Amino acid sequence: YSSIPQNVIYSFLSAEDKNFFSHPGVDAKGVLRAIINNIKNIMTSKRLEGASTITQQVAKNFLLTNEVSLNRKIKEAILAFRIERALSKERILELYLNQIYLGSGAYGVAAASLEYFDKSIKELNYNEAALLAALPKAPSKYNPYRDMDLAKFRRNLVLKNLYENNIIDQNYYLMLKNEPIRL
């Protein structure tokens, strides 16, 4: 955890689980939001959204299958509560950042940093960190080698989240979102 720069941590938290350090493994607000949105999504035939916290993703990736079912989601939640009791938040985030699939054969932020930018994670700027944080949602879809415009769109959403979460200021956000992605 101590080897991962704050801009990478903030980017992933802003993209994946902004309440990570304050929830007990399951984010009740996130679950409620997903239920409400999914009712709308079902009515309009849109893709359903998940409500998995980083801890739930660690539980799924290390201990469960990818099956899409209510039963798996219940197991995931129970395991998330147990993981939160057994490990520190920092250790959970370390596990997540070191095993998450980020496309192009890269598992973990260090491998993805080398794959996309040919540099150590310690050298990443906010634009690069935001691009990596944009990838877990759909690594193939948002892969910049595949679709630069879609990758930039998703990166900019992460940058917007960083701004809305008061991690970066408005001027920095406006500057960053207009920068091209440099692989």
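# A tour of rings, charges and a buried helix

Select Tyr172 to begin, a residue that is partly exposed, with a relative accessible area of 30%. The model on the screen is a predicted one, and every value along this tour is computed from it.

**The ring partner of Tyr172**

Keep Tyr172 selected and add Tyr126, whose relative accessible area of 14% makes this second tyrosine buried. The centres of the two rings are 6.1 Å apart and their planes stand at 85°, so the pair of Tyr126 and Tyr172 is edge-to-face. Because Tyr126 belongs to helix H7 (residues 126-134) and Tyr172 to helix H9 (residues 170-177), this pair ties together parts that are 46 residues apart in sequence.

**Helix H7**

Now extend the selection from Tyr126 to the whole of H7, and ask how many of its residues are buried. The count is 9 of the 9 residues, so H7 is largely enclosed by the rest of the structure. Walking along the helix, you pass Tyr126, Asn127, Glu128, Ala129, Ala130, Leu131, Leu132, Ala133 and Ala134, which are buried. To see what covers these residues, display helix H1 (6-16), helix H6 (109-117), H8 and H9, which are included in that cover. At the N-terminal end of H7, select Asn125, which caps the helix by placing a side-chain oxygen 2.9 Å from the backbone nitrogen of Asn127.

**Leu132 and the nonpolar core**

Within H7, select Leu132 and show its surroundings: leaving aside residues up to four places away in sequence, Leu132 touches Phe12, Leu102, Val109, Ala112, Ser113, Tyr116, Phe117 and Leu124. In soluble globular proteins, nonpolar side chains tend to be buried together. The largest nonpolar core here has 42 residues, and those that touch the most other members are Phe12, Leu93, Tyr96, Leu97 and Leu132. At least two residues of this core come from each of H1, helix H3 (54-63), H5, H6, H7, H8 and H9. Which helix gives the most to this core? That helix is H7, which contributes 7 residues.

**More aromatic rings**

Two of the residues touched by Leu132, namely Tyr116 and Phe117, lead to the next stop, where ring pairs link Tyr116, Phe117 and Tyr145 into a cluster. Across the whole structure, a search finds 7 aromatic pairs. One of them is formed by Phe20 and Phe21, whose rings are edge-to-face at 5.0 Å centre to centre, with 80° between the planes. Select these two phenylalanines in turn, and compare how they are placed: Phe20 is buried, with a relative accessible area of 0%, whereas Phe21 counts as partly exposed at 41% relative accessibility.

**Charges over rings**

Stay with Phe20 and add Lys89, which lies over the face of this ring at 4.5 Å from the ring centre. A second arrangement of this kind can be found by selecting Tyr142 together with Arg154, where the charged end of the arginine sits over the tyrosine ring, 5.7 Å from its centre.

**Salt bridges**

Side chains of opposite charge can pair when their charged atoms come close. The structure holds 5 salt bridges, and one of them starts from a residue already on the screen. Lys89 forms a salt bridge with Glu84, in which the closest N and O atoms are 2.9 Å apart. Are the two partners buried or exposed? Lys89 is buried, with a relative accessible area of 13%, and Glu84 also counts as buried, at 16% relative accessibility.

Next select Arg91 and Glu94, whose side chains meet in a salt bridge of 3.1 Å, N to O. Because these two residues are 3 residues apart in helix H5 (residues 89-99), they are separated by about one helical turn. Arg91 is partly exposed, with a relative accessible area of 36%, and Glu94 counts as partly exposed at 23% relative accessibility.

For the last stop, move to helix H8 (residues 148-164), where Glu164 has its place. Lys160 forms a salt bridge with Glu164, and the closest N and O atoms of this pair are 3.8 Å apart. Being 4 residues apart in H8, Lys160 and Glu164 are likewise separated by about one helical turn. An α-helix has 3.6 residues a turn, so residues three or four places apart point the same way. Lys160 counts as partly exposed at 37% relative accessibility, and Glu164 counts as partly exposed at 48%. Finally, draw a distance from the C-alpha atom of Glu164 to that of Pro24: the two residues are 140 residues apart along the chain, and these atoms are separated by 23 Å.

Notes: Residues numbered from 1 in each chain as written. Predicted model: local features only at pLDDT ≥ 70, side-chain atom pairs only at ≥ 80, totals over all residues. Heavy atoms only, no water. Phe/Tyr/Trp six-rings, centres within 6.5 Å; stacked < 30°, edge-to-face > 60°. Buried < 20%, exposed > 50% of the residue type's maximum accessible area, 1.4 Å probe, protein only. Lys NZ or Arg CZ within 6 Å of the ring centre and 35° of its normal. Salt bridge = Lys/Arg side-chain N within 4 Å of Asp/Glu carboxyl O. Contact = heavy atoms within 4.5 Å. Polar contact = N/O pair within 3.5 Å; in protein donor to acceptor, adjacent residues only side chain to side chain. Core = buried A, V, L, I, M, F, W, Y, C linked by side-chain atoms within 4.5 Å.
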